Amino acid sequence: MSAAASLARAGGVVLARATATAVVVSAAVFAAVSALPSDAADTRTGGRASAETLAQLRETLGLDAPLWQRWGRWTTTILNGDWGRSLVTDRPVVDLVAPRLQATAVLTAVAVALAVPLALALALAAGTTRPRSARRWAAFATAGAAVPQTVVVAVLVVVLSGLLSWLPPLSLLPPGGSPAGRPDLLVLPALALALPAAAWAGGLLGGAVADAWSAPHVRDAVARGVTGWRLRTRHVLPFVLSPAIRAVAVVTAGTATSAAVVETMLGYQGLGELLVTAVAGRDTPVVAAVGLIGALVVVAGTALADLAAAVVEVRRDHR
Amino acid sequence: MTDLTVRGLIVHDGRGRAVLSGIDLDVPAHSVVAVTGPSGSGKSTVLKAVLDVLPPGLRRTGGEVRWAGAPVAPGRAAVRWRRRCTGLLAQDPVSTLNPLWTVERLLSEVEGGADAARLHALDLDPAEVLQRRPHQLSGGQAQRVALARATAGDPALLLLDEPTSSLDADTTRLVADLVRRRREEGLGATLLISHDHEFVSALADHVVDLGSTGSGFTPPAAPPPEDDVVLHVDALGIAHPVPLLHDATFEVRRGELVVVVGPSGSGKTTLLRALAGLHEQYTGLVEVGGTALAPLPRRSREHLRAVQYLPQDPFAALNPAHRATSAVARAARVLLGLSRDRATSAALELLAAVRLDAATGHRRPRQLSGGQRQRVVLARALVAEPRLLLADEPTSALDDRTAEAVLGVLADHRARGLAVLAATHDPRLVRCADRVLRWRHDALSDETTRHPTRGGTTR
């Protein structure tokens, strides 16, 4: 098979898989939201309305139809570009989500930009051939990945803004303002997201790096006196590329969706913070929209990584 | 002067056993020194200890390496010395070349490496090989590419580990010329590891022997083959990746040893891989025991057992996590359905027959020498009691005594009906053969040696 044909085949498989995952994920998100105890009718009336009023309200909001019908209606309207209106504030979901999406996208980008070099450095350290030092770095990576995000945030706030007073303790964005104008507000949440992610990815890739180090051509290069960056960039890293691309994709998607904790703790008005508020208010369309966006980011990220890895592997197979 | 002096070199393994005890070595400038010894005697370990690149598990516990009078300290100083003053050709050249790189890039990693004259001197056509990647080279071509890289820049010390293991007589002569020229033109010293007595005695000024059991090879006797055809190949053609073979028809009978010889790069490995089911693009008919041989994924369990393949690079064919004995025992359990105990005793028995003791069987591939790995792979193939053995260079890394033992084991199995088709450059294996198929351009022609009445039926 030619390189182009195998690439097209791999691309087709990746796209089909991503589409199927997106459909399943949207159904799962919708089902999870519907399974929440109490609904928007309860929230709107503050729990004081009579059963009759509630039933009427449910009918106007379309909450009385069976689950699969509501899911079908919801997905068709979304595919038509209409994300619905918030059940609580009655504003269009798009207006609520768009600025939050931008804020979270910027935060995620900065966090990933910090995490990737950190993870690579950690992977190289944990995958070294000196067994004692390798064990130490691998333990460091495991410990780093195991620390709960809340603890990371707390420690960073105490050190960076409490003891050192370098940064504001909260990352409150100005109303309607974008995070691009206030880089100082991004530092705390980005670090809090990047450090555990880097530890996780670094520990994971350490194994791949160790495998690459023990490859015969790397041992031969060492015996010929090739060392340092020359050895790492030319003989070791090309063989870690494929797992690294996948790890970066998972880290990116994970950061985008797990930002909720960090955003809530630091008051950063991103998508995650919106999700937490919307769940508290049983604002189904908003929860579903945010949940779906998060899930789609994960699906798209993994698909991109699969494609990139397929390119690398096809190039290797057709060497 | 740029002399290498080694005094009292001691290497211990992880359990505190001495692998090398007190090796002395003198390589004066512009001389050729050879290290010989039986398979597993530590020839490659000497070279690795001198270079300070011992694999994990081995430690240099004593001794001194001096270069041009000054000691070479292990660590950074040794790295600098390796980069500036040495050129290395390691064992198993196919896997030591970076698999993603073209030959051109591989050679230009060393200054002056991609020099056309240097390739021509080793009978490599730059136009043909420069754009290929290691997996597109034959074993012999890869060895010569690695040699061209090792000699680029004319290093003051050239270290060659089995430089001719995949080469035929003509190319071996080219390598000998190259080493001789280094000495005559005063380009530098050469430290050579080889089990090939002829090659060593023709070249070396001085030989360091790590306990040889004597040279001289006596081919073990095997009964004449029976008339029963095991492998029948009819009009076999291989045109991919490049035209290699056209319309080959031959048979291998029960108990027969047929060797395929031909220049390096002619396609011997591809032929064996095609029969083993690892290279699917061929035309023609291949039958084993009267039934057509299907491609590997659709091959019946009986055929999987009956046809065993011995690859050229045994290191790549062994799972690095499995100990030698379990690798062999596993084949017996999977292919013959033996119980764990019976499989282990069958494995130990076969390993002993190819002169590997139980302690060696306990090691993992990385801790075995090149010749030991070659014998583990052979034992793994034979334990399945195949009808046909496809062997690619089964004796290339073996000294005379060990090669005798290995060929003796093959003779025993042939007496019980095993048919062997082997690709080789090794004259010792050719001497044992019932028939020789010689590769000329893209055709195989039969050269009958031992049993003229039984050969000759194929063209």
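How far apart should the ends of helix 6 of chain A be, at 1.5 Å a residue? The close-ups below start there, in what is a predicted model.

**View 1. Helix 6 of chain A and its span.** Helix 6 of chain A covers residues 131–146, which makes 16 residues. At 1.5 Å a residue they should span 22 Å, and the end C-alpha atoms are indeed 22 Å apart, so expectation and model agree.

**View 2. The two sides of helix 6 of chain A.** Look for Trp137(A), Ala138(A) and Ala141(A), which are buried. They cover an arc of only 100° around the axis, and therefore lie on the same side of helix 6 of chain A. An α-helix has 3.6 residues a turn, so residues three or four places apart point the same way. Turn to the other side of this helix and you meet exposed residues: Arg132(A), Arg135(A), Ala139(A), Ala143(A) and Ala146(A). The cover over the buried residues includes helix 5 (93–126) and helix 8 of chain A.

**View 3. The largest nonpolar core.** This core has 75 residues. Those with the most contacts inside it are Ala115(A), Ala198(A), Ala201(A), Leu205(A), Ala289(A) and Val290(A). Helix 8 of chain A, residues 183–213, gives the most to the core, with 18 residues. Take Ala201(A) as a place to pause: neighbours within four places in sequence aside, this residue is in contact with Ala115(A), Ala119(A), Ala247(A) and Val251(A). A second, separate core has 73 residues, including Leu310(B), Ala324(B), Val354(B) and Ala433(B).

**View 4. An open sheet in chain B.** Four strands of chain B line up in the order 11-10-13-14, with antiparallel pairing. Strand 11 (245–253) and strand 14 (291–292) of chain B stand at the edges with a single partner strand each, so one side of each has no neighbour in the sheet. Strand 10 (residues 229–238) and strand 13 (residues 283–288) of chain B pair in the antiparallel sense over five bridges. To find a bridge yourself, start at His232(B), whose partner in strand 13 of chain B is Glu287(B). In general, strands of a sheet pair through backbone hydrogen bonds.

**View 5. Where chain B touches chain A.** Here 17 residues from chain B and twelve residues from chain A take part in the contact. On the chain B side, the elements giving two or more residues are helix 2 (76–85) and helix 3 (93–96) of chain B. Helix 2 of chain B gives the most, with three residues. By class, this side of chain B has nine nonpolar, four polar and four charged residues.

Definitions and conventions:
Residues are numbered from 1 along each chain as its sequence is written. Chains are lettered from A and ligands numbered from 1 in the order in which they are written. This is a predicted model: local features need pLDDT of at least 70, side-chain atom pairs count only at pLDDT 80 or more; totals for chains, interfaces and linings use all residues. Two residues are in contact if their C-beta atoms, placed from the backbone, lie within 7 Å. Ala, Val, Leu, Ile, Met, Phe, Trp, Tyr, Cys and Pro count as nonpolar, Asp, Glu, Lys and Arg as charged, and the others, Gly among them, as polar. A nonpolar core is a set of buried Ala, Val, Leu, Ile, Met, Phe, Trp, Tyr and Cys residues joined through C-beta atoms within 7 Å. A residue is buried if 20 or more other C-beta atoms lie within 10 Å of its own, exposed if 12 or fewer, and partly exposed in between; C-beta atoms are placed from the backbone. Two strands pair if DSSP finds at least two bridges between them. The expected span of a helix is 1.5 Å times one less than its number of residues. The arc is that of the directions from the helix axis to the C-beta atoms.
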